[in-house]
Amino acid sequence: MPLSGDLLRLADAVLFPGFTGHTPPDWLRRRLGEGLAGVVLFSRNIADPAQVAGLTAALRAENPSVLVGTDEESGEVTRLEVAAGSSRPGAYALGVVDDVALTEALARDLGAELAAAGVTLDFAPSADVNSNPDNPVIGLRAFGADPALVSRHTRAFVRGLQSAGVAACAKHFPGHGDTSVDSHHGVPVVADGIEDALLPFREAIKEGVRAVMTGHLLVPSYDAELPATLSPKVLTGLLREELGFEGMIITDGIEMAAVSGTYGIGGASARAIAAGADAICVGGERADEATAAGIRDAIATAVTQGLLPEERLADAARRVRELASWAASSGSQASRDGSVGLAAARRAIRITRRSTAPVLPLTSAASVVELAPEMNLAIDRNTPWGVGQPLARLLPGTVVTRLAVGDSTGSALERLLGQAAGRPLVIVVRDVHRHAWQEQALRHLLSARPDAVVVEMGLPERSDLGAVHIATYGSARVCGQAAAEVLTGRP
C-alpha cells in the first residue's frame with residue numbers, strides 16, 4: 001500500500017540525517033523543503049567557520065526552522081576544529097580543575113562559536129560517570145568518575161551552552177560510563193544499579209537541558225531485553241515519567257550495531273520512536289539519500305502496520321518543533337573569549353617528579369616518541385594531537401616520531417633510542433593502561449632512558465612512570481601546548 005504524503009512528512013519531522021560535502025546536496029535541499037526536521041554536521045561537512053556559516057544559511061533557506069546539530073564536545077570529540085585540534089580541553093580536564101565557573105565560561109565560549117556558525121543543537125555534554133577506567137568509548141569525554149562532580153559540571157556546561165542560544169544535549173542516557181563495550185560495535189551491558197549514573201541526568205533536567213541523547217545500552221535492572229534506545233521502560237517509564245524530562249529525546253547514531261544489528265536501521269528507528277524517542281540521529285557511518293529515505297519510509301510503514309501509534313509519532317514531531325522554536329527565539333548574546341580554552345588546559349596539568357635530578361625545564365632540542373593507539377569512532381582519526389609539534393616550536397630542532405601498534409618493534413625502539421642519544425627524551429602516550437603494546441614500548445624505552453619524561457594525554461592510571469610524569473587529561477591542541485610549556489618552562 002502506498003504511503004500517504006502526510007504520513008511521510010510526519011516521519012521526516014523526526015529525522016536528523018547526515019550528508020557528505022561542504023554544501024547541501026540536492027536531495028537534502030528537497031527534503032528540507034518538504035519538512036525534514038534537522039541535520040547533523042560531521043567533520044566531513046566542515047572546512048572553516050565561514051564555510052559552516054554559509055552551509056547552515058543554505059539549509060535555512062530551504063527550511064527556516066531546521067535544527068542543525070553536531071558533536072562538539074570540545075577536547076577529543078570536535079567537529080568545528082577537527083582540522084587543527086580543539087582550542088578547548090575536554091570534559092575530564094575540566095573535572096580535574098573542578099571550577100564550575102570555568103566550565104560554564106568555556107561552554108559559553110563554545111556556544112558563541114557554534115551560534116555564529118549557525119549550529120543550534122550541540123550533542124554535549126557527556127553526562128556519563130566514567131566509573132570504569134577501561135571504558136573504550138567514554139573516558140576523557142566524561143567530567144570524571146564521581147557522580148557529584150559530573151553532576152555539577154554537567155549543569156555548568158548546560159548553563160553556559162544554552163546561555164549562548166545553543167541547545168545542550170546530555171548524553172548517553174541512562175549512562176555509558178560503567179561499560180567495557182563500544183556501542184558502535186556491540187551492546188554494552190550496565191550490570192549494576194544505575195542511581196549514580198542517573199544523577200547527572202537528573203541534575204541536567206533541573207538545569208533545563210533542552211535535549212537528551214539515548215545510549216544504546218542494555219540496563220537489565222530496567223529492561224533485560226531491549227537496549228535503552230528501543231526500550232519504553234527506559235525512555236518513557238524512566239526518563240519521561242520518573243525523571244520528568246519534557247524536552248526532546250534524540251537517539252545516538254541509529255546505524256550503530258548495538259541497535260541496527262538486530263532490527264536494521266529502519267526497524268530500529270521505528271522502534272525507538274515507539275519507545276519514546278522524538279528524533280532519529282543518523283549519518284555518522286551512513287550519510288546517503290537512500291538511508292535517510294529508508295528510515296522515513298520505515299517509520300511511516302510502522303504506523304500503517306500498528307507497530308508505531310500515529311499519536312506517538314505526532315507527539316515526537318511536536319517536541320522537535322518546540323525545540324526548533326526555542327532555538328529560533330533564543331538568540332546568542334554571548335561573546336567569544338579566545339583565551340579560556342588554553343587557560344583551562346594549563347590549569348588541568350598535573351606533574352609528578354620522581355627524580356632529584358633537574359630534568360625540567362628542557363633547554364635543548366628533544367627527541368619525542370608518540371605512541372598512537374587506534375581511537376574509537378566518536379573521535380575523528382584525522383584530529384591532530386600530541387606534544388611534538390608545539391614542543392618543536394619552542395625548541396627548534398626537536399625530532400618527533402609517531403608509532404602505531406604495529407610499529408613499536410624492538411628494533412624500531414632501539415633505533416629511536418640511538419637517535420635520542422645526547423638529547424632529552426619525551427615519551428607521549430594515550431590511555432597506556434588500556435593498551436599492552438604501549439606499556440611494553442614504554443617499559444623498553446624507560447629501561448634504557450630512566451631520565452625520560454612521560455606525558456600521558458589520556459586517562460592516567462599511573463603517575464610513577466618516567467623521571468617526570470605529566471598528565472594533561474586530554475589530547476586537544478591546547479593540552480599539547482600546555483604540556484610543551486611545562487616541558488620548557490615557558491609559553
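What percentage of the 491 residues of the protein count as buried? The figure is 61%. Keep in mind as you look around that this is a predicted model.

**The whole protein**

Let's start with the big picture. The chain folds into 16 helices and 14 strands. Its radius of gyration is 23 Å, close to the 23 Å that the globule rule gives for 491 residues, so the protein is as compact as a globular protein of that length. If you drew a box around the C-alpha atoms along the principal axes, it would be roughly 75 × 45 × 40 Å.

How does the chain meet itself? Take the contacts between residues at least 6 apart in sequence: 77% of them join residues at least 24 apart. On the outside, the accessible surface comes to about 17,700 Å², and carbon and sulfur atoms own 50% of that. As for charge, there are 44 positive and 56 negative side chains, with the centres of the two sets 5 Å apart.

**Two helices up close**

Now pick out helix α5, which covers residues 100-116. With 17 residues at 1.5 Å a residue, α5 should span 24 Å, and its end C-alpha atoms are indeed 24 Å apart. The buried residues of α5 include Leu102, Leu106, Leu110 and Leu114. Charged names turn up there too, among them Glu104, Asp109 and Glu113. What covers these buried residues? The cover includes strands β3 (67-70) and β4 (121-122), along with helices α4 (91-97), α6 (147-163) and α12.

Further along comes helix α16, residues 477-488. From first C-alpha to last, its 12 residues reach 17 Å, close to the 16 Å expected at 1.5 Å a residue. Is α16 mostly covered or mostly uncovered? It is mostly covered, with 9 of its 12 residues buried. Among the buried ones are Ala482, Ala483 and Ala484, as well as Glu485. The buried residues of α16 pack against two helices, α12 (340-348) and α13 (388-394), and against strands β12 (425-429), β13 (453-456) and β14 (468-471). Helix α12 is a name you have met already, as part of the cover over α5. Just after α16, the backbone does something else to look for: Gly489 takes a positive phi of about 75 degrees.

**Some backbone spots to find**

Here are two cis peptide bonds, side by side.

| Peptide bond | Omega |
|---|---|
| Phe173 to Pro174 | about 5 degrees |
| Leu360 to Pro361 | near 5 degrees |

Where do these prolines sit? Pro174 is in the loop between β5 (167-173) and α7 (195-207), while Pro361 is in the loop between β9 and β10 (367-371).

Two residues have a positive phi although they are not glycines. One is Ser74, with a phi of about 75 degrees, in the loop between β3 and α4. Ser74 has 3% relative accessibility, so it counts as buried. The cut-off for that label is under 20%. Another is Tyr473, with a phi of about 60 degrees, found in the loop between β14 and α16. Why is Tyr473 called buried? Its relative accessible area is 16%, and buried means under 20%.

**Two residues and their company**

Find Ile351 in strand β9, residues 350-353. Ile351 is partly exposed, with a relative accessible area of 35%. Which residues does Ile351 touch, leaving aside neighbours within four places in sequence? They are Val468, His469 and Val486. Val468 and His469 belong to the stretch of β14 (468-471), and Val486 falls within α16 (residues 477-488). Ile351 also lies 8.4 Å from Ser463, C-alpha to C-alpha, even though 112 residues separate them in sequence.

Finally, look at Leu218, in the loop between β6 (211-214) and α8 (232-242). Leu218 counts as buried, at 15% relative accessibility. Leaving aside neighbours within four places, its contacts include Val187, Pro188, Val189 and Val190 on one stretch of the chain. Its other contacts include Asp223, Ala224, Glu225, Leu226 and Pro227. His176 is 42 residues away from Leu218 in sequence, and 10.0 Å away in space, C-alpha to C-alpha.

Definitions and conventions
Residues are numbered from 1 along each chain as its sequence is written. This is a predicted model: local features need pLDDT of at least 70, side-chain atom pairs count only at pLDDT 80 or more; totals for chains, interfaces and linings use all residues. Side-chain values use heavy atoms; hydrogens and water are left out. Helices (H or I, at least four residues) and strands (E, at least two) are DSSP runs, numbered from the N terminus. The radius of gyration is taken over C-alpha atoms; the globule rule is 2.2 Å times the number of residues to the power 0.38. Buried means under 20% relative accessible area, exposed over 50%, partly exposed in between (1.4 Å probe, protein chains only). Contact means heavy atoms within 4.5 Å. Accessible areas come from the Shrake-Rupley method with a 1.4 Å probe; for residues, only the protein chains shown count as cover. Lys and Arg count as positive and Asp and Glu as negative; His and the chain ends are not counted. The place of a charge is taken as NZ of Lys, CZ of Arg, CG of Asp or CD of Glu. The expected span of a helix is 1.5 Å times one less than its number of residues.
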